[in-house]
Amino acid sequence: MTIAFHTLISKATTIPAGQVERTINLLNEGATIPFISRYRKEVTGGLDEVQISQIKDQLAKLTDLKKRKETILSSIDEQGKLTPELKRRIEDSWDATELEDLYLPYKPKRVTKAEIARKKGLEPLAQVIMLQNESNPELKAESFLNDDVENTQEALQGARDIIAEWVNENEEARNSVRNSFSHTAVITSKVIKGKEEEGAKYRDYFDFSEPLNRCSSHHLLALRRGEAEGILRVSISPDTESCVERLKRRFIKGRNRSSEQVSMAIDDSFKRLLKPSIETEYSNLSKHKADEEAIRVFAENLRQLLLAPPLGQKRILGVDPGYRTGCKIVCLDAQGTLLHNETIYPHPPQNEKSKAASKMAHLVSTYGIEAIAIGNGTASRETEHFITNIRYDRKVQVFVVSENGASIYSASKIAREEFPEYDVTVRGAVSIGRRLADPLAELVKIDPKSIGVGQYQHDVDQAALKKAWIRQWRVV
């Protein structure tokens with residue numbers, strides 16, 4: 001199975017199969033990605049941590065797929081329906097969608113309309129109608145009346161329910177519908193009645209429509225968030241008319257009344273079974289692609305943030321700016337240890353500019369401050385203007401740094417353990433100051449989704465987001 005894995009992974013990643021195989025062997029031996037990328041370059045052919053991570057991710061997917069195949073084979077075998085041909089197709093398949101299509105006709109079902117009809121003894125009638133040789137299906141249906149089937153219409157309805165399920169479980173039919181979704185699907189959203197005021201921030205999506213294959217990742221994530229919050233009703237639909245027409249060309253073989261019954265069953269199958277099923281597939285697929293794009297943007301932005309040059313071991317004064325609540329100030333030594341904290345009020349409504357300027361000059365002198373870090377949030381520009389116009393007793397560099405995630409860090413367990421005697425405002429200011437000295441060391445303490453350098457980070461796959469964070473942290 002390892003041979004198959006390294007060949008498949010090579011195709012998926014375009015990394016030569018030999019390098020993939022040797023990397024898989026190292027991973028299976030328990031070696032970590034940092035260890036392999038640093039100390040086993042001669043084995044992997046110089047693969048970096050990003051490529052090794054790709055191999056590891058693909059290996060995990062294929063391993064899960066292998067387990068799924070074993071479950072499917074066991075389930076079908078227990079039913080006594082595992083033919084050599086079916087077994088070969090399942091064993092040769094490494095596509096999750098194809099695998100589930102192969103399993104669908106044998107998958108244990110909850111009580112469906114078709115299953116109820118079968119219990120009433122109507123499957124032979126469905127088989128007769130599906131052959132489309134019977135010119136009078138109503139007359140044929142009369143022979144299937146019993147205590148559970150009162151009239152011919154009920155018998156025909158049951159037969160159509162069974163045929164609808166057959167159409168839904170047909171692999172070619174499902175691929176035909178998928179093809180329609182792939183080329184013609186349109187994603188639409190409507191506001192749920194009565195939610196207009198509550199969902200005002202989703203106003204752009206109250207009556208939204210766009211081809212799915214052209215819908216941007218930020219639109220998709222916004223639509224899904226609006227749906228999750230109960231504001232929007234979102235749907236994905238292909239060109240229904242052409243989709244059903246292709247299905248009918250595939251299954252309708254005649255022009256008699258049995259063919260009419262099959263046509264009705266196809267309409268029902270598409271509306272009730274096929275479309276909802278494939279719509280769910282494409283909804284998940286589009287969400288996955290949107291997640292990938294959002295995480296790619298996150299990773300690139302994070303990389304730039306982490307690559308910000310550290311100021312190094314300097315005595316820093318950190319400022320978390322604000323208006324009404326004032327600017328929280330902390331003084332840190334060259335190792336980032338908190339020496340002093342207090343609050344100044346240079347902005348409205350207090351406007352204590354003179355007092356605040358005197359205090360700043362005093363702190364810079366007293367603690368030998370070499371640089372000032374100002375958070376880029378509320379009142380940042382005004383605070384920078386105020387601080388740069390103060391006369392100090394030494395040359396002091398002034399920087400504006402990103403404060404994304406500082407408030408999250410300040411309320412975290414790690415911050416409470418580090419500064420148990422201080423409140424969140426002090427902890428946040430310390431984080432801002434330390435980011436100037438060493439961005440990487442400080443940002444690693446923050447949950448990736450809270451760093452704020454991407455789009456809809458709380459909505460994407462959190463495990464994938466964390467992987468991207470760890471990958472970028474290792475790269476830099």
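Biologist: Where does H6 sit in this model?

Modeller: H6 is in helix α1, residues 2-13. Keep in mind that the model is predicted.

Biologist: Why is H6 called buried?

Modeller: Its relative accessible area is 9%, and buried means under 20%, so H6 earns the word. Beyond its neighbours up to four places away in sequence, H6 touches A17, V20, E21 and I24. From H6 to G18, 12 residues along the chain, the C-alpha atoms are 7.9 Å apart.

Biologist: What about helix α7: why do D101 and Y103 count as buried?

Modeller: D101 lies in α7, which covers residues 96-103, and Y103 belongs to that helix too. D101 has a relative accessible area of 5% and Y103 has 6%. The cut-off is under 20%, so both D101 and Y103 count as buried.

Biologist: Which residues does D101 contact, leaving aside those within four places in sequence?

Modeller: E171, R174, N175 and R178. With the same sort of exclusion, Y103 touches R68, I72, S75, I76 and P108. As for V430, it is 327 residues from Y103 in sequence and 57 Å away in space, C-alpha to C-alpha.

Biologist: Where is L104, and what does it touch?

Modeller: L104 is in the loop between α7 and α8, the latter being residues 113-119. Setting aside neighbours within four places, its contacts are K109, N168, E169 and R174. The C-alpha atoms of L104 and E21 are 33 Å apart, with their positions 83 residues apart along the chain.

Biologist: How do you know that C331 is not in a disulfide?

Modeller: The closest cysteine sulfur to that of C331 is in C327, at 14 Å. A disulfide needs the two sulfurs within 2.5 Å, so this pair is too far apart for a bond. The count for the structure is 0 disulfides.

Biologist: Is C331 buried or exposed?

Modeller: C331 is buried, because its relative accessible area is 0% and the limit is under 20%. C243 is buried as well, again at 0%.

Biologist: What makes the residue Q132 stand out in its backbone?

Modeller: The phi of Q132 is near 60°, a positive value in a residue that isn't glycine. Most residues other than glycine have a negative phi. Q132 is in the loop between α9 (123-131) and α10 (137-142). At 5% relative accessibility, Q132 is under the 20% limit and therefore buried.

Biologist: And why is N351 called partly exposed?

Modeller: Its relative accessible area is 44%. Buried ends at 20% and exposed starts over 50%, so N351 falls in between. N351 also has a positive phi, about 55°, without being a glycine. Its place is the loop between β6 and α16.

Biologist: Which residues does the cis peptide bond join?

Modeller: P348 and P349, with omega about 10°. Most peptide bonds are trans. P349 lies in the loop between β6 (338-344) and α16 (353-366).

Biologist: What makes a set of residues a nonpolar core?

Modeller: The members are buried nonpolar residues joined through side-chain atoms within 4.5 Å. The largest core has 48 residues, and L122, L125, V177, I187, L232 and L247 touch the most other members. Helix α15 gives the most to this core, with 9 residues. A second, separate core has 19 residues, including A356, L363, F386 and I390.

Biologist: What is L232 in contact with, beyond four places in sequence?

Modeller: Its contacts are K190, V191, I192, Y202, Y205, F206, L223, G226 and E227.

Biologist: What volume does the second largest pocket have, and which residues are closest to its centre?

Modeller: The volume is about 260 Å³. Of the 15 lining residues, L212, N213, L285, S286 and K289 are the closest to the centre. The elements that give two or more residues to the lining are α12 (171-184), α13 (217-228) and α15 (257-306).

Biologist: Which element gives the most to that lining, and what are the residue classes?

Modeller: α15 gives the most, with 6 residues. By class, the lining has 8 nonpolar, 5 polar and 2 charged residues.

Technical notes: Residues numbered from 1 in each chain as written. Predicted model: local features only at pLDDT ≥ 70, side-chain atom pairs only at ≥ 80, totals over all residues. Heavy atoms only, no water. 1 Å grid on protein atoms, 1.4 Å probe; cavity = no way out; pocket = protein on both sides within 12 Å on 5 of 7 lines; lining within 4 Å. Points joined across faces, edges and corners; volume = space filled by probe spheres on them. Helix = DSSP H or I, 4+ residues; strand = E, 2+ residues; numbered from the N terminus. Nonpolar A, V, L, I, M, F, W, Y, C, P; charged D, E, K, R; others polar. Buried < 20%, exposed > 50% of the residue type's maximum accessible area, 1.4 Å probe, protein only. Contact = heavy atoms within 4.5 Å.
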